[in-house]
Amino acid sequence: MTQKVYIETVGCQMNVLDSELVIGALRKNGFDLTDTPAEADVLLFNTCSVREHAEEKTFSALGRVQHLKRQNPDAVIGVLGCMAQKDQELIRNRAPYVDMVVGTGQLAAVPELVAKVRETRAPQIAVSLGRADAGRHEVEASFVSYDPARDPSMRPTPFQAFVRIQIGCDKFCTYCVVPSTRGPEQSRPPEHIWQEVRQLVDQGCKEVTLLGQTVNSYVYEAGDRRTRLSDLIAGMHDVPGLERIKFVTNYPKDMTDDLLHAVRELPKVVKYLHVPVQSGCDEVLKRMKRNYTAAYYREMLARCRELVPGVSVSSDFIVGFCGETEESFQLTMDLVREAKFKNSFIFKYSERGGTKAADRYPDDVPDDVKKRRNNDLLAVQNENSRLDHRAQVGATVEVLVEGPSRLSAKTSRDRDGAGLLQLTGRSMKDHIVVFDGPMRLVGETVRVQITDASPFTLYGTAEIAERVGVEEAREPAPVVPMAKPSKFSLPLV
Ligand code: 5AD
Ligand code: SF4
């Protein structure tokens with residue numbers, strides 16, 4: 001009988017990709033995916049450590065499946081990813097029924113570890129030793145054997161895929177746990193990446209999102225050949241069938257002109273840059289060890305906009321970082337007012353054990369102050385998002401249609417797929433666009449004229465709608481699965 005695996009994923013796109021690869025590898029070993037925990041022979045939790053809240057989410061998810069282990073003692077429960085790397089002891093203490101703890105560098109071994117748990121009935125722990133050279137070798141081995149085990153059913157949509165081009169991080173921002181959970185920065189060989197992109201396109205993929213913690217630091221050197229992110233993108237740009245190339249997340253200091261030229265010149269590259277600034281105050285940036293000043297960031301932003309006219313830019317912020325005074329926070333407010341980001345992801349500082357900030361600086365901003373600053377910053381950003389969206393009204397944008405909107409998925413009734421649905425997708429500047437159209441447009445790129453805007457969404461009329469007959473338009477809408485991507489909209493750390 002086929003074995004069944006259930007998986008829950010918390011965190012960034014890198015985790016979504018890791019889960020896809022784990023499921024890809026398990027399918028090769030005779031497993032099928034289930035979305036019902038009670039049916040599963042193996043239950044996996046792919047975890048995130050970036051904030052305390054994410055860790056608590058995993059512990060409550062583990063709490064919810066504890067009774068399944070009593071009902072079926074043969075079930076294997078595994079904790080994967082960042083928390084597994086960072087908190088093996090804590091997991092074993094708080095959830096002793098967990099059978100398997102597998103770090104980010106060992107995920108390729110999941111099928112083998114499941115087999116070992118069953119054979120020995122002993123818990124299996126596989127994590128990296130640390131950031132020593134041994135860690136780098138593990139990573140190199142996993143690049144070769146691991147990433148090609150793709151599983152289209154795990155993707156946000158069948159025509160969009162994440163592609164890892166780099167793992168780990170060497171920046172060591174003082175608040176961040178990633179350099180220790182994901183290890184040293186490693187850029188993957190360009191040939192492997194190009195081959196993977198071709199393979200994905202052969203499977204029907206139209207959009208790839210290149211992933212790296214500091215994706216624009218990508219560089220691969222072999223002999224006297226040096227491949228930068230701009231070269232990597234140029235090398236995949238002409239793959240027939242590939243329509244869009246995105247990349248996240250950028251590090252401000254590594255935003256070089258060659259990359260910006262590539263974004264401008266290459267038509268398949270999305271005109272959108274996610275470049276987190278984190279704070280607008282130099283003292284805070286220094287304590288965060290971001291290696292730039294607010295003035296540098298402003299110049300970089302101006303350069304992005306000069307070299308890629310019309311580019312949309314988004315950012316991340318941490319409010320209430322150690323020692324952030326009201327004056328420092330106001331500098332961040334000033335930056336947000338001025339910078340006109342398309343959107344910003346704003347987080348309250350969450351102290352992480354083992355980071356330099358936790359060692360050096362007290363977490364001295366009270367939670368209610370963090371909350372207030374978060375709301376204040378969000379209010380300024382929302383107003384800018386509203387203006388940014390309003391400025392699109394009247395424009396015609398190209399939308400890669402991802403699926404029916406949430407609303408449509410809930411209200412639709414008909415099954416033949418001919419009726420008009422409310423569809424959703426993204427423009428080349430990463431705006432979410434909603435419009436009416438038939439189901440057959442899902443996976444296609446359509447031109448949509450923007451007629452209205454809210455702070456988060458553009459509304460419009462698809463040019464294709466004119467070709468939809470009146471009879472067809474009167475058909476009730478079909479029952480269809482909802483587009484998944486919004487679930488995974490958190491930025492990469
Ligand atoms: N507390 C709060 N937010 C954090 N981030 C990273 N580490 C922390 C932390 N300790 C935020 C940063 C990063 C985003 C993905 O998460 O803003 O860019
Ligand atoms: Fe690296 Fe980003 Fe974390 Fe800084 S915030 S240490 S750049 S992953």
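Two strands are said to pair if DSSP finds at least two bridges between them, and this idea is needed for the part of the structure described in the second group below. The model is a predicted one, and this briefing looks at three of its parts: a helix with its buried residues, a barrel of five strands, and the surroundings of ligand 1.

**Helix α9 and its neighbours**

- Helix α9 spans residues 229-237, and its buried residues are L229, S230, L232, I233, M236 and H237.
- These residues lie on the same side of α9 because they cover an arc of only 160° around the axis.
- The buried residues of α9 pack against two other helices, α8 (190-202) and α10 (257-265), and also against the strands β10 (207-211), β12 (225-228) and β13 (244-248).

**The five-strand barrel**

- Strands of a sheet pair through backbone hydrogen bonds, and the pairing can be either parallel or antiparallel.
- In this model, five strands close into a barrel, following the order β17-β18-β19-β21-β20, and their pairing is mixed.
- From one strand to the next, the twist averages 50°.
- Strand β17, made of residues 396-404, pairs with strand β20, made of residues 445-453, in the antiparallel sense over five bridges, and within this pair of strands V399 has V446 of β20 as its bridge partner.
- Strand β20 also pairs in the antiparallel sense with strand β21, which holds residues 458-462, and this pairing again runs over five bridges.
- Between these two strands, V448 stands opposite A462 in β21, and β20 and β21 form a hairpin in which four residues lie between them.

**Around ligand 1**

- There are 13 residues around ligand 1, and those that come nearest are R51, Y175, Q278, D316 and S350.
- The side chain of Q278 has an N or O atom that is 2.7 Å from an oxygen atom of ligand 1.
- D316 likewise approaches through its side chain, where a polar atom lies 2.6 Å from an oxygen atom of the ligand.
- For S350 the contact involves the backbone, since a polar backbone atom of this residue is 2.8 Å from a nitrogen atom of ligand 1.

How values were computed: Residues are numbered from 1 along each chain as its sequence is written. Chains are lettered from A and ligands numbered from 1 in the order in which they are written. This is a predicted model: local features need pLDDT of at least 70, side-chain atom pairs count only at pLDDT 80 or more; totals for chains, interfaces and linings use all residues. Side-chain values use heavy atoms; hydrogens and water are left out. Buried means under 20% relative accessible area, exposed over 50%, partly exposed in between (1.4 Å probe, protein chains only). The arc is that of the directions from the helix axis to the C-beta atoms. Contact means heavy atoms within 4.5 Å. Axes are lines fitted to C-alpha atoms, for helices over the stretch in contact, and angles run from 0 to 180 degrees between N-to-C directions. A residue is near a molecule or strand if one of its heavy atoms lies within 4 Å of it. A polar contact is a pair of N or O atoms within 3.5 Å; within protein, one must be able to donate a hydrogen and the other to accept it, and residues adjacent in sequence count only if both atoms are side-chain atoms.
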